[in-house]
Amino acid sequence: MDTVIKSILLPSRRMTQEGETPLPEALDTQDTMKQFLSDRILKAAKAVYCALIERNPGLIRDRKHHLKTYRQCCSGKELVDWLMKLNECFQSRSQAVGMWQVLVDEGIIVHVTHMDQSDDDLQEGLSLLLQMGPDALLTMILRKCPSQRSAEDLEVIYEELLHVKAVAHLSTSVRKELAAVLVFESHAKAGTVLFSQGDKGTSWYIIWKGSVNVITHGKGLVTTLHEGEDFGQLALVNDAPRAATIILREDNCHFLRVDKQDFIRILKDVEANTVRLEEHGKAVLVLEKTESTSQGGGGTNSKYTVMSGTPEKILEHLLETVKLDANSNDAIDPCVTDFLLTHRVFMPSSQLCPCTYHSEPSEGSELEKAAYALNTKQKIVKLIGQWVALFGQFLKDDPIAVDFLEVGDWWDSAEQWFQLLECIMGVLYELFRPDHTSVTVVLPVISSVQDLLSSLVNPGGGHILVKINSMGGRWLRFLFTCPLGTPLREQQGPEHSNTEFLEQMCSKDIAGQLTNYDWELFTAMHEVELVYYVFGQHNFPGTTTANLERFVHRFNQVQYWVVTEVCLCDDLVKRAMLLKKFIKIAAMLKEQKNLNSFFAVMFGLSNSAVQRLYKTWERVPSKTKRVYCAYERLMDPSRNHRAYRLAVAKLTPPYIPFMPLLLKVIDNQRKLTQLSRGLEC
């Protein structure tokens, strides 16, 4: 009987880096005895295997059987013969056979006919380990002494700190300093007292895993803190005793600790590089000094980044950073662009427009005052030009902005700017013909109904207007036209699968068509739509997120297209081929860097209606299933979708992002910012 030694491929499930896992107290005596015997058998098997490799290394080798090669195996007869020679105490071959049978029963040795299954188990095991690898690597880096961490280690820690709630409000430089001094600390048992009320404050803690209870004298349990939250900072800042007792709420809690000496040093560095402008005893502008390397490599340049402040003071500071050099590539600072894109969240146009007027200085000669006024006006013109370029036709629905542009002496007429930008802003329209076919066109936002109807091949041919979304009666958003009383085919739903049609098409061509259409939708979006969508369109009257909503809707279309095609296919063999086809399409989409449709296809394949087709999945080739399992790891939401973020970090633009997740990340970051700092209004 052909067998193969398996102990080197599958380590014991009962062993860890620290040794044997302790047995739960709830196990009865019989289970404890079985566990003890199993561990002893495993230990004996390892000893026999080591002796076999050392004394007869050629026994386990690649062999051919029935024209098929089996790697690293040997026959049962050879194993028995070797054991008989090794120990002469065996009275019969049956004793040696029985010894090897013990290892077969324990799963340490397996028959070669089970090797295909073993390969699948190995691939699943490797996929699981690969998924858990980044977290284990991060823990290993955190366990290092801070002085022994490399530059790559610090980058890994810094990237994780970007998604920790407790440090969301800190600047980039502070996070990088924290990455160099954080110490990993863990406690195994729930109920462990981390420190008690009245103790001397020595460290600041961030909860990495688990939760703790906060207890004070007289009040008892005050609150419970969970992953991402911090405690212990107040005692270090005020140099005071601990104000509460911290008790572990669950087993196996992990913490990131910053000792007092490092905390005070970082705090001093922050203060040394921070400039605060105060009025009436309150800080109205906080700037942080940062160092950046010049393009020529001749040294470093210092610049001040806005950390917080009132909108008026932030705008005043950003206006000073506007450069008038037309040949400069960085004439407009990215901070200025970010401020203008998001200003409606904290500074409506009614506040922004008056703030662009500046009074002349009270001191200096007439020539100096004139030069200052000219320089300021040029900066304002450039700033307003950037504002109009960013928002485009969105400003046309803002009467305050229109009046400001009209009456201001910045240029001859605001209409000149809007005419130049008329073609910049477009909306994607889907127009249905009488035969239920549709055409998609990109037209300017200000297009009229007649402009849309003229885009049809047969304009006016028995169409009626079904729905119009407009703002102020001037902008048409969506138009659906169809013959009176006839339902659309899309409203009835599909009746048959297109399996045969899909089989005739190349997976790469299908993925290419999906990518081309997605790219058209993606490029039709405007940055401002992201702001309006995340903060709520109801907070910004007279705005639209039509293109963004259409792109998000596209994800659902592709996802349910996959589910529908698979479920409508009534032939088992063709259904298995269809699953294989969609997995190949997903591979092509990933190769083409279309992550939105890639995830749509993957979510469709992971839908419960598809996953429960067990017989169909059994017919999918093992190689294809391994590809699918590898792609499934990118869908893992643990560590704030770490697997996806690492995959995106390796991509070079242009690529189409996974939009639903991007919107979720932006919204979570907005909530964290509001919790930690609040909105400055």
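Is D153 buried or exposed? I began my entries with this residue, and I keep in mind throughout that the model is predicted. At a relative accessibility of 8%, D153 counts as buried, because the cut-off for that label is under 20% relative accessible area.

**Entry on salt bridges**

I looked up the partner of D153 and found K144, whose side chain meets that of D153 in a salt bridge with an N to O distance of 2.9 Å. K144 has a relative accessibility of 29% and therefore counts as partly exposed, whereas D153 is buried.

I then turned to E185, which forms a salt bridge with R257, and I noted 2.7 Å between the closest N and O atoms. E185 belongs to strand β7 (residues 183-187) and R257 to strand β14 (residues 253-259), so this pair ties together parts that are 72 residues apart in sequence. When I checked their exposure, both E185 and R257 came out as buried.

For a pair within one helix I went to D81 and K77, whose side chains meet in a salt bridge of 3.0 Å, N to O. Both residues lie in helix α2 (residues 76-86), and they are four residues apart, which is about one turn of the helix. D81 is partly exposed, with a relative accessible area of 22%, while K77 is exposed, at 55%.

I also wrote down a network of salt bridges that links E177, D262, R265 and D269. For the structure as a whole, I recorded 17 salt bridges.

**Entry on strand β10**

Which strands does β10 join through bridges? I found that strand β10 (residues 212-216) is joined by five bridges to strand β11 (residues 220-225), and that these two run antiparallel. Within this pairing, V212 stands opposite L225 of β11. The two strands form a hairpin with three residues between them, and in the turn I noted G218, which has a positive phi of about 90°.

Strand β10 is also joined to strand β13 (residues 245-248), here by four bridges and again in an antiparallel arrangement. In that pairing I215 stands opposite T245 of β13. I checked how covered β10 is, and four of its five residues are buried, which makes the strand mostly covered.

**Entry on T616**

Where does T616 lie? I located T616 in helix α24 (residues 614-618), and its relative accessibility of 1% means that it counts as buried. The side chain of T616 is joined to that of R575 by a polar contact of 3.0 Å. Leaving aside residues up to four places away in sequence, I listed L572, R575, A576 and L579 as the residues that T616 touches.

**Entry on helices α19 and α20**

At what angle do α19 and α20 pack? I noted that helix α19 (residues 527-535) packs against helix α20 (residues 546-568) at an angle of about 75°, and that their axes are 8 Å apart. I therefore entered α19 as roughly perpendicular to α20, since angles from 65 to 115 degrees count as such. On the α19 side the contact is made by E529, L530 and Y533, and on the α20 side by A546, N547, L548 and E549.

Conventions
Residues are numbered from 1 along each chain as its sequence is written. This is a predicted model: local features need pLDDT of at least 70, side-chain atom pairs count only at pLDDT 80 or more; totals for chains, interfaces and linings use all residues. Side-chain values use heavy atoms; hydrogens and water are left out. Buried means under 20% relative accessible area, exposed over 50%, partly exposed in between (1.4 Å probe, protein chains only). Two strands pair if DSSP finds at least two bridges between them. A polar contact is a pair of N or O atoms within 3.5 Å; within protein, one must be able to donate a hydrogen and the other to accept it, and residues adjacent in sequence count only if both atoms are side-chain atoms. Contact means heavy atoms within 4.5 Å. A salt bridge is a side-chain nitrogen of Lys or Arg within 4 Å of a carboxyl oxygen of Asp or Glu. Axes are lines fitted to C-alpha atoms, for helices over the stretch in contact, and angles run from 0 to 180 degrees between N-to-C directions. Angles under 35 degrees count as roughly parallel, over 145 as roughly antiparallel, 65 to 115 as roughly perpendicular and the rest as oblique.
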